[in-house]
Amino acid sequence: MKKSVGIVVEYNPFHNGHKYHCIKAKEHGDVVVAVMSGDYVQRGEPAFIDRWTRAELALKNGVDIVVELPIFYSTQSAEIFARGAIGILNLMNIEKLVFGSETGDVKKLIERGDLEEQKEFKVELKKQLKEGHSYPTAYSNTLKILDKIDELDSNDILGVEYIKALKFWKSKIEPIAIKREKSGYYSEEIKDGIASATGIRKKIQSGEEIKDVVPDTTYEILKESLEKNSFAKLQDFYPFIRHRILLEKEKLERIQDIEQGYENRIYEAAFSCKEFESFFEKIKSKRYTQGRVQRILIHILLGIEKKQIEKVKEKIPYIRVLGFTKEGQNYLKKLKDEEVEVLTSLKNIQKYLEKDSLDLLEQNEVASKIYAMVNPYEDRKIPIIIK
């Protein structure tokens with residue numbers, strides 16, 4: 001079997017920095033396998049563009065296989081997001097993991113992961129959280145108290161979680177960190193033709209030109225989407241979110257990421273606020289970061305509960321392929337010979353999945369139908385194939 005390399009992506013949207021990532025990944029293997037968030041992403045937002053369009057862009061720009069990261073991983077904290085993505089790559093027999101990092105120093109990331117596993121770190125972090133700090137603030141305070149003040153950026157924190165996930169799954173995958181030299185993760189700057197996905201989304205929404213920061217394939221898709229105004233934003237889903245909150249108040253305490261008592265604040269805000277902006281202002285707090293609040297709202301919208309997440313943290317329920325190239329197809333054929341169950345079709349799916357896994361797959365598909373109510377797209381039952 002040819003050497004395989006895995007990457008974890010969102011492509012929201014695919015830009016020149018992602019192209020560079022694919023090129024660097026290809027230096028470490030023959031087949032690039034991307035685990036990509038579906039129609040909802042880790043910051044607790046609907047994807048700017050639908051999953052199939054993003055998968056197609058990936059395949060046209062260097063990726064050989066695109067596998068979906070389902071909603072019960074893609075909309076979670078960094079720990080669960082990473083555990084799901086790495087678990088999928090591990091089951092697909094990936095040999096190397098290539099990811100972006102500010103430091104580019106895997107050894108440093110491993111050391112930080114080991115630190116987080118120490119009892120004194122966990123005790124101090126828990127103490128900081130009890131004092132009412134948000135997780136990022138509590139984490140930062142804990143590092144300072146333990147004299148570990150070398151801060152890591154967003155990508156480095158995710159890199160630490162990749163390392164911890166590899167350890168959790170007892171994986172033999174080799175981690176490789178690529179140092180980020182250009183625009184920062186959330187930066188709106190453009191440097192040498194590279195801008196962050198956050199910056200690109202803002203430029204699109206404000207009508208600014210982006211041709212120099214995305215591949216031609218992405219530009220044409222975005223241009224077409226802009227003409228149709230077919231981009232998804234969280235506030236567009238507020239009528240559905242508000243409906244769920246008001247109709248299912250008693251279920252809110254079971255929703256993933258909601259701590260006791262916070263459900264009352266959410267309900268009261270939804271009851272009194274017709275507009276998303278005023279609603280969001282009322283539910284923000286010192287303890288809940290914007291990203292966490294957004295994830296909670298997505299969990300409410302899609303009915304993602306705590307008990308489900310506890311289960312999927314321990315076992316990957318299924319692997320679904322969104323698309324592949326000829327090289328990717330050959331790799332998938334050899335995977336089947338090794339009896340790794342990888343779904344390339346939803347036909348007769350009951351034969352391949354246990355009921356719990358089937359229920360999760362169905363929930364993920366319903367989530368995409370909800371997405372399509374706001375940002376319509378043609379769904380597919382079989383993968384995209386790029387010759």
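**Group meeting: cores and a helix pair**

Hi everyone, let's start with a cysteine: Cys273 has 4% relative accessibility, so it counts as buried (under 20% relative accessible area, with exposed over 50% and partly exposed in between, using a 1.4 Å probe and protein chains only). Cys22, at 3% relative accessibility, counts as buried too. As for disulfides (pairs of cysteine sulfur atoms within 2.5 Å), the structure holds zero.

A quick word on the basis. This is a predicted model, where local features need pLDDT of at least 70, side-chain atom pairs count only at pLDDT 80 or more, and totals for chains, interfaces and linings use all residues. Residues are numbered from 1 along each chain as its sequence is written, and side-chain values use heavy atoms, leaving out hydrogens and water.

Now the inside. The largest nonpolar core (buried Ala, Val, Leu, Ile, Met, Phe, Trp, Tyr and Cys joined through side-chain atoms within 4.5 Å) has 107 residues. Those with the most contacts inside it include Tyr40, Phe279 and Ile300. Ile300 is in contact (heavy atoms within 4.5 Å) with several residues more than four places away in sequence, among them Ile241, Ile245 and Ile266. A separate, second core of eleven residues includes Ile204 and Leu222.

Finally, which residues of H11 meet H12? They are Tyr238, Arg242, Ile245 and Leu246, and on the H12 side the partners include Ile266 and Phe271. These helices (DSSP runs of H or I, at least four residues, numbered from the N terminus) span residues 238-247 for H11 and 262-272 for H12. Their axes, lines fitted to C-alpha atoms over the stretch in contact, lie 9 Å apart. Thanks, everyone!

Key:
Axes are lines fitted to C-alpha atoms, for helices over the stretch in contact, and angles run from 0 to 180 degrees between N-to-C directions. Helices (H or I, at least four residues) and strands (E, at least two) are DSSP runs, numbered from the N terminus.
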